[in-house]
Amino acid sequence: MRPQPLWRNRQFTALWGGQVVSALGSTGSQTAMPLLVLASGGSAADAGFVAAAGSLPHLVAQLPAGSLVDRWNRRRVLILSEAAAGLALATVPFAIWAGVVTVWHLAVVAFAQGLGFVFFGLAEHAALPHIVPASQLPTAVARNEARNRGAALAGRPLGGALFGIASAVPFLVDVVSYAIASAGLLLLRGELKGATDKEPAPLWRATTEGLRWVWRHPLIRAAVLLVAASNLVFQAVGLVIVVRAQQHGASSAAIGTMLGVYSTGGLLGAFAAARLHRHFTPKSVIIGVNWVWAGLLPLFLLTTDPLVTGLIGAATSFVGPLWNVVIGSYMALLVPDELRARVSSAGMTLSWGVMPVAALGAGWLLTSVGPQRTLAVLAAITFATAVAAAVSPAVRRAPTLTTDAYEA
């Protein structure tokens, strides 16, 4: 029997709609956070410290969080993660009104939000196959991708505008968004996990089980390593194009427009991926997307115009969601339910763990050789990654995974 449309799936609609509101609010408050640090007398280094505290859970908590999410009631994890992050953030407007804002307080709040994001993301990924039928997983993943990219595009200017009204406003709005999302999550039913008779392994062993599963599966291992390489490049590209534009006299407004155009490509790509995914196999996506990036990166070297740079960036970000939808759906169907969060956490630790390295490496290269040569280095890395994808036996033999066999 053909499944009902996603928009009629009450559980998915509640989850997705709540996260649209939450992601928009969170992007706004994250944009306002460094502004608050600076407005409270902190330095740029203090703002960087708070930002680092927010990203730290992605490095230190992913693996144990995956193990815990696979043990616990995933519905409860979703609700508690959202509520706890909202409660932590609620202390910020009170500190502003009392005049007691400190860098350490904001760092703790940022860490708590990052920790909530890690647990929520893993639980959502693991629970999604229990909310939507297998045949609709790619469409659901594509809609989540559009949700996140749309929030990133709209939330940044919203956060800046709300901060201009009053410094506490973007944080209050985000607290309300957490409350709305938490209420929506109450509509979910069940534990959102499969039944198992297995006795849970000791936590230290279960924590590394996801890593072992990824490493034993050649295609997933190759995909994760290729994602890490692309994250390394594009995390650095974002910094390089901003510095390069500044050096060539671009105004703040022009740089903002450049980044907005860049982000728009990802949002449009997320909408397109919802339809395009069914026309591509994992093999064609892994190889094709990397060659598209390899062809586009050198184009940055040919222009210093912010708008043209933004358009090139938009083209690179347009194809990214197709990768995320196809590979994300593949993993959601292939990984056993009892390992789903742990495998996801292992993949994210490997692929996101390169981002601090990328930021440090880009800063060092910019200082040492300048933006133009740094872009050349990044283009060379992208070309090497595309070659690696094309010659990888695991990628070349990647099967087409049908969803019919996974329908429950």
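**Helix 1 and the whole chain, view by view**

**View 1. Helix 1 has a bend in it.** In this predicted model, helix 1 kinks by about 30° at M33. The proline P34 comes shortly after that spot.

**View 2. Here is helix 1 from end to end.** The helix covers residues 10-39, which makes 30 residues. Count 1.5 Å a residue and you'd expect a span of 44 Å. The C-alpha atoms at its ends sit 43 Å apart, so the expected span and the model agree.

**View 3. N9 caps the start of helix 1.** Zoom in on the N-terminal end of the helix, where N9 acts as the cap. What does the side chain of N9 lie 3.2 Å from? One of its oxygens is that far from the backbone nitrogen of Q11.

**View 4. G41 follows the other end.** Just after helix 1 you meet G41, and its phi is positive, at about 95°.

**View 5. Now step back to the whole protein chain.** How many helices and strands does the chain have? There are 16 helices and zero strands. The radius of gyration is 21 Å, close to the 22 Å that the globule rule gives for 408 residues, so the chain is as compact as a globular protein of that length. Its C-alpha atoms fit a box of roughly 60 × 55 × 40 Å along the principal axes.

**View 6. Look at the inside, then the surface.** Buried residues account for 50% of the 408 in the chain. Take the contacts between residues at least 6 apart in sequence: 87% of them link residues at least 24 apart. On the outside, the chain exposes about 18,500 Å², with 67% of that coming from carbon and sulfur atoms.

Definitions and conventions
Residues numbered from 1 in each chain as written. Predicted model: local features only at pLDDT ≥ 70, side-chain atom pairs only at ≥ 80, totals over all residues. Heavy atoms only, no water. Helix = DSSP H or I, 4+ residues; strand = E, 2+ residues; numbered from the N terminus. Expected span 1.5 Å × (residues − 1). Bend = angle between axes of the 7 residues up to and from the residue. Polar contact = N/O pair within 3.5 Å; in protein donor to acceptor, adjacent residues only side chain to side chain. Rg over C-alpha atoms; globule rule 2.2 N^0.38 Å. Buried < 20%, exposed > 50% of the residue type's maximum accessible area, 1.4 Å probe, protein only. Contact = heavy atoms within 4.5 Å. Areas by Shrake-Rupley, 256 points an atom, 1.4 Å probe, with all protein chains shown as cover.
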